[in-house]
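Here is my note on the structure you sent round, set out as numbered points. Please read each one with the model open beside it.

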Amino acid sequence: MSPPSCGEICRKPTKGQAKDALVKIRGIVSKNTGFLGAYVQILTGDAGLLYEEIRDAPIVSPHGHCDPAWFANDEAFANPAALLVVPDHYVFRMLFSQGADLADLGIGSAGGAANPRDVFRLFASNWHLFLGTPSRFWISYVLTETLGISTPLSAATSDQVYDQIAEKLAHPDFRPRALFDRFGIEVLATTDAALDDLAHHQAIRDSDWQGRVIPTFRPDSLLDPADPSFRTNLDQLAVLTGADTCTFDGYLTALRQRRAVFIAAGATATDHAIEAVYTEWLAEPETLFQRLRAGTGSAEDAQRFYGHMLIEMAQMSVEDGLVMQIHGGSRRNTNQAVMARFGRDKGADIPVATDWVRGLEPLLNRVGNAPEFTLILFTLDETTYARELAPMAGHWPCLRIGPPWWFHDSAAGIARYFDQVVETAGYYNLAGFNDDTRAFLSIPARHDLWRRGVALHLSEQVARSACGMTDARALATLLATDLARDAYRLSG
Amino acid sequence: MSPPSCGEICRKPTKGQAKDALVKIRGIVSKNTGFLGAYVQILTGDAGLLYEEIRDAPIVSPHGHCDPAWFANDEAFANPAALLVVPDHYVFRMLFSQGADLADLGIGSAGGAANPRDVFRLFASNWHLFLGTPSRFWISYVLTETLGISTPLSAATSDQVYDQIAEKLAHPDFRPRALFDRFGIEVLATTDAALDDLAHHQAIRDSDWQGRVIPTFRPDSLLDPADPSFRTNLDQLAVLTGADTCTFDGYLTALRQRRAVFIAAGATATDHAIEAVYTEWLAEPETLFQRLRAGTGSAEDAQRFYGHMLIEMAQMSVEDGLVMQIHGGSRRNTNQAVMARFGRDKGADIPVATDWVRGLEPLLNRVGNAPEFTLILFTLDETTYARELAPMAGHWPCLRIGPPWWFHDSAAGIARYFDQVVETAGYYNLAGFNDDTRAFLSIPARHDLWRRGVALHLSEQVARSACGMTDARALATLLATDLARDAYRLSG
Amino acid sequence: MSPPSCGEICRKPTKGQAKDALVKIRGIVSKNTGFLGAYVQILTGDAGLLYEEIRDAPIVSPHGHCDPAWFANDEAFANPAALLVVPDHYVFRMLFSQGADLADLGIGSAGGAANPRDVFRLFASNWHLFLGTPSRFWISYVLTETLGISTPLSAATSDQVYDQIAEKLAHPDFRPRALFDRFGIEVLATTDAALDDLAHHQAIRDSDWQGRVIPTFRPDSLLDPADPSFRTNLDQLAVLTGADTCTFDGYLTALRQRRAVFIAAGATATDHAIEAVYTEWLAEPETLFQRLRAGTGSAEDAQRFYGHMLIEMAQMSVEDGLVMQIHGGSRRNTNQAVMARFGRDKGADIPVATDWVRGLEPLLNRVGNAPEFTLILFTLDETTYARELAPMAGHWPCLRIGPPWWFHDSAAGIARYFDQVVETAGYYNLAGFNDDTRAFLSIPARHDLWRRGVALHLSEQVARSACGMTDARALATLLATDLARDAYRLSG
């Protein structure tokens, strides 16, 4: 009677089992009211006045994950499931946590055969799972405000709502460019691999459409020797740039060249996603580079080299003016069975405790006082708001604190953010808001939630006499649009 | 003039000194009002409506530390001190922190000679120390609601209150079974060593009383090679089961057998209390087992083996359906002098920072996707609510977040819990409430505090339009009873 | 095209560049309203009643960094910049974070040539940067309440306000002793190096002024072998005491003697500022001492020795009654370029995560149960409030939790403190308030902010029926003055 092996346990649950397992607490809530009012919190008093001040301000979206192809091709979105469920890891991770099979949600190649209508029904039938989450707010807002649908969502109404959405999506008013314009988006930054040819961005610029969609330089796979494709990526980098990526100097030259290409395409920022925050300045990077280039470096070599390259990137930012972003502290793809079957980014990324102080000290002591440099930090470890990020941003000239990120981009998360960063960092060391989403339709909902949070926070500041309404109004606009424009150098 | 040794400093304070030291700030509060109103917060508006909805719901108590002998024998509780002071580590730790000698509080063999009336007076005279703590709420509730005593507590009234309580305890209505019934307890789980013969549980089932009291399988001392009695416990396990606990397979067989015995006695869950959260799957556990069985293993061997056994326990749960609980992050018995004189669990257990993500990754990647598996996590490190537990429970199908535990089972602790877990985990990945107490009389008070916290939280959700009152009512019942029933499989 | 070296990047920004860089978001807020009402939050209801109870209570200031020379010499403060900007690291760090050159703020020898009027203008022009920070509250309070100035602060009014302040400072009513008396300061503790001759303190006692200014024994530089001047400090210690600081026993004798000198000068406490919380009892400290005395010890030797000496200090406190304070978890002088140009304590101290539990265990198990011992802990890692400090103080007889420190001495910081410590530690294990400031004029403002926080917290406790108003009034006085008097043994 030996214990079941991982294979037996992890891979064998049949769809039938998984469906049975959904919902963990099946039967407990017999009726789902499908309440659709989550977005309509009435803000009164000063909060209401401050919200009105910024409610209809333009949307500045300096960091996110929309697909530039949408705006290059301007084709209709395929169907409600492909728009609202399949790309939204907030949505499918919750359904998975309650026993849904990701294949039944149309995820990955395993989900290729799923009927979009069935996918949507699986989501609609479990709408109650999202009670209390920002997803419920965002989707309610999208359905009601953006799509004009008033039918409460439930298993019973799923097909009806599906059809209503599908009808909208077929209309020219709901094509990507039309929505972009209707949303009042002033600028939208995408996130693009450093090896990307930026053809979609070129197509957008070549079109007669005036929307400002710009790329962001994301070089992770060229900097992290632990990436399985690191060496082939460097080969590809050589092909793309003509530089000799077999020497460290050639490698740096190639990176500089790619940055210049992104700048020419409108980029104003880079982005780095790292798990542990670690930087180190190597006196002799060439040796380590050669070992890693040859595939003979150790895990420690890889970490030290990556730490060095973050500083190189910071120094290139001093030279070329690209604002540097670091998203730190997410442990990626922690569920091996899901990774094997469905691939990366399938809801199993989990935050870990982060040490920004020691982790960034080598980088900051190298370039942190350079007046030309801006570095925006995003944390998933809220304990670092008051302990590390606010004191650091309240000292280092280069630093700005990014808005609440990912799991913390929520009503309570926003309140905790203001509560914990403002007293030490003030407002002017913040980077405003960014929606960081690949769910295009949710962009207005996300900015609206932030703006409500701003209004609530500032009205409390007025109530405690931290400022008067004149200052509060100025701060509201600052937080809604101006800090983002400034931090990302979008006005120039 | 050498410094005093530990012995001189730690062990020599005479009772006289200790009494003098009480209270640290003696004389500051000249009058103790003995205010007894802590339990009567008036909830108004939606909070009041939601509280009424669940106020009188049955009590589901799936995890705690009541003594099954109370219900097997149904004898009157000995005296007010033995009921309210001696077993309550929340109470005696606070008095100790202000200079009381634990012996004067009747603790341990050193306290055997203490007069219960004196013990109670020491407590009553220091009632003001509990201002602001949940103990003050719980005890006020017990005195007023459960025992019907309206005399404010103070040094002056101590004997009077003592006599009033003693009179009640002598009455048949205040025997354990009568109170159990009066409290409306639907089910009460105790926590029992894996080697326990469960005779009291058998006696309860054999009696004509209908109360449902069930055991919980707690195998710590059979799994942790660092436990001083680990090897003799395994010998005892062999005697009890007839299995050969000198081989790893025999050891597993014996554990499976004990689990089956607990299941037959009504158990639906196991419980594990660990300091560091560490799991690891060993390809060859036998080697390590033999070293540890022989007493020649290292501390690292012990940790790795324990980490492996937690995964074995999880796999057995997949087989036999017992819900697994992990209470992690408490550093036990940190005061060596108190440990030496009074023994374990005397108020010196202190939480430490906990890493659930990396610590559980091996276990979760082994069984975390199994639809049959439920794992409930309890933390004393609140920073893990939003950073780790909510994201993990919002992904892994097996996971549920346990309610606020120990020091955090309090009004503000409950508010922080909801604030930090719901937005990412939703409500359906929670495990409802459990009182986790050995203070039997405080059970209704603890559930009442939770229910007030639920009502306050949900009324705030309604105010911010996160849901309507219909959903809020359903969620209130879910949080008061249904999630606990479901998570612990108590309905079947 | 090699990357710029640290020297090029860090040291070369000219003043011109730095000025241009100020403000990071220049032009965004076109008008600074100069709102000066930050200190006038109206407290109503129970909060108002409780605030009135303690608003005018004496100021007990048991820990801070005022210069005793001010009170020994009683000379007028030099000028508004020297009073309000130059010594206030909260102020200049914020300006630095937005691009100001510290030299332009009159900091360090590099700032010696700065015109005070220009320094003040740089501050006044950037008054909006402090929106939302406690500095804005404190300075508004000082200007309005203490200095009687009603002109809103801005670039345009800077010279005018400067002149108004200067006029006040020239008046005898604004000399240090007169302000001390006007502020109602009952006792003010300074912080003094263990090698200090305490001449200013002697001069105060020898004067006919009755103000109580007492020293605090700060021996860091005599205990930390990592301090560059450790060995010369020990030489100086030998000269000062006549003891042989080349043997460990002589070293201890000398330390005891310095403590006695401080006690004779009125000291009731010691203070220790450490980065990592680490204690260890060495069986044979002599060996390590000799290595470190000879300058041949390792970094690990230094840490272990320092950890041992903290326990020696605790044991001396048991002997001589000095209350021990530990301020833990600040990583000092993290900006090397600022350190090189401007010296220590220039706003680059950043908190790091702290482990109080394991770090203090050896010390506590040595002396933590001694009734004569008081140890007050200050943390910059708020996650330790509920997880570590409150459970520890709720057990160990010696422990008290210090008030919110540094970045957390703010309206929201105070609210978080009460929210997270009271339920487990109660009120009587707290140490009341201390202002910990070198900005003498801000002392009443800081106590006022605390008292408002106390009133708000207690009114919420009353609202949730945690206590009645009678208890709340007693607790208000306890938190405003009595706990501080008692914890620091100032009443005797």
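1. In this predicted model, buried residues account for 65% of the 492 residues in chain A, where buried is taken as under 20% relative accessible area. The accessible surface of chain A comes to about 16,200 Å², and carbon and sulfur atoms contribute 50% of that surface.

2. As to overall dimensions, a compact globule of 492 residues would be expected to have a radius of gyration near 23 Å, and because chain A has 23 Å, the two values agree. Taken along the principal axes, the box filled by the C-alpha atoms of chain A is roughly 70 × 65 × 55 Å.

3. The secondary structure of chain A consists of 22 helices and 11 strands. Of the contacts in chain A with a separation of 6 or more, 78% are between residues 24 or more positions apart.

4. On charge, chain A carries 44 positive and 59 negative charges, and the mean positions of these two groups lie 5 Å apart.

5. Turning to chain C, there is an open sheet of three strands in the order E1-E2-E4, with parallel pairing. Its edge strands are E1 (59-61) and E4 (213-214) of chain C, each of which pairs on one side only. Strands of a sheet pair through backbone hydrogen bonds, in either a parallel or an antiparallel sense.

6. Within that sheet, E1(C) pairs with strand E2 (residues 185-189) of chain C in the parallel sense over three bridges. Which residue of E2(C) stands opposite Ser61(C)? The residue in that place is Leu188(C).

Note on methods:
Residues are numbered from 1 along each chain as its sequence is written. Chains are lettered from A and ligands numbered from 1 in the order in which they are written. This is a predicted model: local features need pLDDT of at least 70, side-chain atom pairs count only at pLDDT 80 or more; totals for chains, interfaces and linings use all residues. Side-chain values use heavy atoms; hydrogens and water are left out. Two strands pair if DSSP finds at least two bridges between them. Helices (H or I, at least four residues) and strands (E, at least two) are DSSP runs, numbered from the N terminus. The radius of gyration is taken over C-alpha atoms; the globule rule is 2.2 Å times the number of residues to the power 0.38. Buried means under 20% relative accessible area, exposed over 50%, partly exposed in between (1.4 Å probe, protein chains only). Contact means heavy atoms within 4.5 Å. Accessible areas come from the Shrake-Rupley method with a 1.4 Å probe; for residues, only the protein chains shown count as cover. Lys and Arg count as positive and Asp and Glu as negative; His and the chain ends are not counted. The place of a charge is taken as NZ of Lys, CZ of Arg, CG of Asp or CD of Glu.
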